[in-house]
Amino acid sequence: MGGFSSGDARDLFIGGTWRASRGGQTLPVVNPATEEVVASIADADASDVHDAVQAAWAAFDAGSWSRASGDARADVLERMAALVRRDKDRLARMETTDCGKP
């Protein structure tokens, strides 16, 4: 399945937690080359977007990132980059499947 697990369902990440969309709906992720459904993702609606914006403002106002030093931010970004490098093969398979590449 090109890096996706069979039956993968991806929820929304809002306010530091994973959750289904308020409407409970999902959308299929389809490989355009094969028309195979490779995963499902949460179908966010306006209330989910509102929740995400509110959570983003709350996080900004809390200051854990907005007031962090440049060095602290660099540490986080370097850890993220290390994770991307670690998982680069799986990420590449997922992206090529999502785009319909062989």
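Here are a few short exercises with worked solutions on this structure, which is a predicted model.

**Exercise 1. Work out the order of helices and strands along the chain, and how many there are of each.**

Start by counting: the chain has three helices and five strands. Then walk from the N terminus, and you get β-β-β-β-β-α-α-α.

**Exercise 2. Describe how strand 4 and strand 5 are joined.**

Find strand 4 at residues 26–30 and strand 5 at residues 37–42. They run antiparallel, with five bridges joining them. For a concrete pair, look at Pro28: across from it in strand 5 sits Ser40. Now follow the hairpin, where six residues lie between the two strands. One of the hairpin's residues to check is Glu35, with a positive phi near 60°.

**Exercise 3. Check the spans of helix 1 and helix 3 against 1.5 Å a residue.**

Take helix 1, residues 46–62, which has 17 residues. Its first and last C-alpha atoms are 24 Å apart, close to the 24 Å expected. Next comes helix 3, residues 88–99, with 12 residues. The expected span is 16 Å and the end C-alpha atoms are 16 Å apart, so the two agree.

Finally, look just past the ends. Gly63 follows helix 1 and has a positive phi near 90°. Gly100 follows helix 3, again with a positive phi, near 80°.

**Exercise 4. Decide whether Asp48 and Ala92 are buried, partly exposed or exposed.**

Asp48 is in helix 1. Its relative accessibility is 1%, and buried means under 20%, so Asp48 counts as buried. What does Asp48 touch, leaving out residues up to four places away in sequence? The list is Leu12, Ile14, Arg19, Ser21, Arg22 and Asp43.

Ala92 belongs to helix 3. Its relative accessible area is 40%; because that falls between the 20% and 50% cut-offs, Ala92 is partly exposed. To place Ala92 in space, use Ala58: the two are 34 residues apart in sequence, and their C-alpha atoms are 33 Å apart.

**Exercise 5. Compare the chain with a compact globule of 102 residues.**

Such a globule would have a radius of gyration near 13 Å, but this chain comes out at 17 Å. Add the extents: the C-alpha trace spans about 45 × 35 × 15 Å along its principal axes. Then look at burial, where 17% of the 102 residues are buried. The accessible surface is about 7300 Å², and carbon and sulfur atoms hold 57% of that. Last, turn to contacts with a separation of 6 or more: 53% of them link residues 24 or more positions apart.

Methods: Residues numbered from 1 in each chain as written. Predicted model: local features only at pLDDT ≥ 70, side-chain atom pairs only at ≥ 80, totals over all residues. Heavy atoms only, no water. Pairing = 2+ DSSP bridges. Helix = DSSP H or I, 4+ residues; strand = E, 2+ residues; numbered from the N terminus. Expected span 1.5 Å × (residues − 1). Buried < 20%, exposed > 50% of the residue type's maximum accessible area, 1.4 Å probe, protein only. Contact = heavy atoms within 4.5 Å. Rg over C-alpha atoms; globule rule 2.2 N^0.38 Å. Areas by Shrake-Rupley, 256 points an atom, 1.4 Å probe, with all protein chains shown as cover.
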